[in-house]
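Please find below my notes on the structure, set out as numbered points for discussion. They concern burial, sheet arrangement and one loop residue.

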Amino acid sequence: MRFENVLIANRGEIAVRIIRACREQNLGCVSVYSTADREALHVKFADRAVCIGPPATADSYLQMHAIIEACRQTGATAVHPGFGFLSENAEFARLCRENNIVFIGPSPECISMLGDKARAKETMKAAGVPVIPGSEGAIQSLEDAKAVAKKIGYPVLVKASAGGGGRGIRRVDSEEQLEEQLHVAQEEAKKFFGDDTVYLEKLIVGPHHVEVQIIADEYGNTVALGERDCSMQRRNQKVLEESPSPLMTPELRNAMQEAAVAAAKACGYCNAGTIEFLVDHERNFYFMEMNTRIQVEHPVTEWVTGIDLVQTQLRIAQGEPLPFTQEEIVLHGHAIECRINAENPDYNFRPSPGTIQALHLPGGMGVRIDSAIYQGYTIPPYYDSMIAKLIVHAPTRKEAIQKMRWALSEFLVDGVETNIDFQLRLLKTAAFENGTYDNAFLMQWLEQTQETKK
């Protein structure tokens, strides 16, 4: 189905990013906003903007029927959900379809299947994709959990089936902890996802978190676009990402890309998606989950492949075939992304909303800023604290690190606290310089840093 106007069901930097992609294809842009975002950049940039409610996300950006009504009012016949909010909500994708609105993403059936982590794992096993040992589907009782944990061995993770973003995950090191952590994970899953279903998974200690970007059209063509290393995490939240992964070998990349394509084909996937893997120290990799949306870290893939992922999403949603084949994908150079947040790392990463008094953004060849902030903009306290993504590209990893260091040093934000200096310190650690960090590194480094301060 062809469309001429796209409603962006999101806010902040990703909404601005999508608007720019639409502009390059001569598509009209409609923004939605809460009353707290009345002066936001995505509102100013759009052709039309519709207020959909008060500041709370439950009353605005998560209001499916208000977004559908905004489409009706403005004549938008397509919706790009960005990431977060309703981007992986099968009900919303289905509602769009029922109202003859193109949902720029996979089908609601695909979202539903992959959103159920336990069900997705079974699908991957059937497709021959390596999976982490764990329960066969959802955990039904404490006795069931004990039996599974005993079979696969501690430590284990209790994980929300409908989870994401690090929510609904609890580590269990012994049977004595199992009942309590099972209950806590279920309560958190119910609170954040409206579904208390959980499953058990073997905890791979100190793995690397490596994800493969795929993109597929409606004609059965699926292509893998290299990998991103997302191992630098704090409490299961990504802090920075890079591509290619310093862990990678040509053989491992080929194997992971083949598995990612098989995973996408197993569920009839269409549009952009990301298969997340855990890689152990012997370079064995295991399917973790599939994200059915554009990722925060997609710019590093765009840098190394030269492919605009959002524009490709738009073309696929209009019924066009992929304009490239797997054989044409070649990775060039190295890219790093740092997430810039309005927060204070010295006070447990406390959010720092407020008005930006002065702003200077870094620039130059190989430097990209994805952001929605401007001088005089007031960062509201109601949403995620990420205010920008700083992305660099260079011929080698060493040069990319150097470029990111001076770019961070040049990035000035006055009026609110940020994690810019924290990111700079992180880039100067030996583990990052050498590419030897794993999923456990950042939390261990933070603990050591706090001890040193004492």
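1. In this predicted model, six of the eight residues of helix α13 (residues 420-427) are buried, so the helix is largely enclosed by the rest of the structure. The buried residues of α13 are Ile420, Phe422 and Gln423, together with Leu424, Leu426 and Leu427.

2. Eight strands form an open sheet with antiparallel pairing, and their order across the sheet is β13-β12-β9-β10-β11-β14-β21-β19. At its edges lie β13 (285-291) and β19 (367-371), each of which pairs on one side only. On average, and with direction ignored, neighbouring strands of this sheet are turned by 25° against each other.

3. Within that order, strand β10 (residues 222-234) pairs with strand β11 (residues 237-243) in the antiparallel sense, and four bridges join the two. For a specific register point, Met232 has Leu240, in β11, as its bridge partner.

4. Gln25 belongs to the loop between α1 (12-24) and β2 (28-34). Is this loop residue buried or exposed? Its relative accessible area is 17%, and because the cut-off for burial is under 20%, Gln25 counts as buried.

5. The surroundings of Gln25 can be described further: when residues up to four places away in sequence are not counted, Gln25 touches Gln311, Leu314 and Arg315. With one of these residues there is also a polar approach, since a polar atom of the side chain of Gln25 lies 3.0 Å from the backbone oxygen of Gln311.

How values were computed: Residues are numbered from 1 along each chain as its sequence is written. This is a predicted model: local features need pLDDT of at least 70, side-chain atom pairs count only at pLDDT 80 or more; totals for chains, interfaces and linings use all residues. Side-chain values use heavy atoms; hydrogens and water are left out. Two strands pair if DSSP finds at least two bridges between them. Axes are lines fitted to C-alpha atoms, for helices over the stretch in contact, and angles run from 0 to 180 degrees between N-to-C directions. Buried means under 20% relative accessible area, exposed over 50%, partly exposed in between (1.4 Å probe, protein chains only). A polar contact is a pair of N or O atoms within 3.5 Å; within protein, one must be able to donate a hydrogen and the other to accept it, and residues adjacent in sequence count only if both atoms are side-chain atoms. Contact means heavy atoms within 4.5 Å.
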